[in-house]
Amino acid sequence: MDRRKFLKTSGIAGTGAIVVPTIIPSFVMGKNAPSNMVNIAQIGCGRMGRGDLGNVIRHEKVRFMGVCDLDSRRMKDGKKLIMDTYATMGKPNAVNVKMYEDYRELLQNKDIDGVVISTPDHWHSQPAIEAALAGKNIYLQKPTSLTVKEGRQLSDAVHRSGVIFQIGSQQRSAAQFRYACELVRNGRIGD
């Protein structure tokens, strides 16, 4: 084949590839495209973890990718809660939620954008620091730490990594607590 013939046929083939219509599933484009989703994992699936999970999963741009707990029963319950919730939302098999026995393995998953940490109070700082160092955005139950040193280390890790960090403070934002504050501030209960 000579050069002219090659360029002529490859040019036609190249043009044909551009002109031929491509069918793209609707979920790939638009507001619920996979690229618009935030992939989350839950670390700690106990009482607070289930509550946090239930609050976060309601957001349509969130997709739970994993759960982690030392207690295998709680971990399985966390996964079941996610899968059942997705089924009731009309998203059965939206994702196969992976279970992790070790949060450090979960943090290595590059598909996970952020973590919700609902571990016991004495075990908040360490997974949060490691999540920040892994580049994961963090929602952390209070308290952030048991000591000033731990708190400083967590703050430094968050600032160095530039991740988003939020602390749960439902007792300052829940309706009954806001109402109680309004009563006190407006003198309704006395001096």
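Does Ala131 count as buried or exposed, and at what relative accessibility?

## Ala131 and its surroundings

In this predicted model, Ala131 has a relative accessibility of 0% and therefore counts as buried, the cut-off for that class being under 20%. Ala131 lies in helix α5. Apart from neighbours within four places in sequence, the residues in contact with Ala131 are Leu107, Val115, Lys136 and Ile138. Between Ala131 and Ser161 there are 9.7 Å in space, C-alpha to C-alpha, although the two are 30 residues apart in sequence.

## The nonpolar core

The general background is that nonpolar side chains tend to be buried together in soluble globular proteins. Here the largest nonpolar core comprises 34 residues, and the members that touch the most others are Phe64, Ile82, Leu106, Val115 and Ile138. At least two residues of this core come from each of β1 (38-43), β2 (62-68), α3 (72-88), α4 (103-107), β4 (114-117), α5, β5 and α6. The greatest contribution is that of β2, with five residues.

Ile138 merits a separate description. With neighbours within four places in sequence left aside, Ile138 is in contact with Val115, Ile117, Ala128, Ala131, Ala132, Val163, Ile164, Phe165 and Gln166.

## Helix α6

Helix α6 spans residues 148-161, which makes 14 residues, and extends 20 Å from its first C-alpha to its last, close to the 20 Å expected at 1.5 Å a residue. Leu154, Ala157 and Val158 are the buried residues of α6. Viewed down the helix axis, the buried residues fall within an arc of 95 degrees, so they line one face of α6. These buried residues pack against α5 (125-133), β5 (137-140) and β6 (165-167).

On the other side of α6, the exposed residues are Val148, Lys149, His159 and Arg160. Gly162, just after α6, adopts a positive phi of about 75 degrees.

## The largest pocket

The volume of the largest pocket is about 520 Å³. Its lining consists of 23 residues, of which Val56, Val116, Ile138, Tyr139 and Gln166 are the closest to the pocket centre. Ile138 thus appears in the pocket lining as well as in the largest nonpolar core.

Two or more lining residues are given by each of β1, α2 (47-56), β4, β5, β6 and α7 (170-173). Among these elements, α2 gives the most, with six residues.

Key:
Residues numbered from 1 in each chain as written. Predicted model: local features only at pLDDT ≥ 70, side-chain atom pairs only at ≥ 80, totals over all residues. Heavy atoms only, no water. Helix = DSSP H or I, 4+ residues; strand = E, 2+ residues; numbered from the N terminus. Expected span 1.5 Å × (residues − 1). Buried < 20%, exposed > 50% of the residue type's maximum accessible area, 1.4 Å probe, protein only. Arc of directions from axis to C-beta. Contact = heavy atoms within 4.5 Å. Core = buried A, V, L, I, M, F, W, Y, C linked by side-chain atoms within 4.5 Å. 1 Å grid on protein atoms, 1.4 Å probe; cavity = no way out; pocket = protein on both sides within 12 Å on 5 of 7 lines; lining within 4 Å. Points joined across faces, edges and corners; volume = space filled by probe spheres on them.
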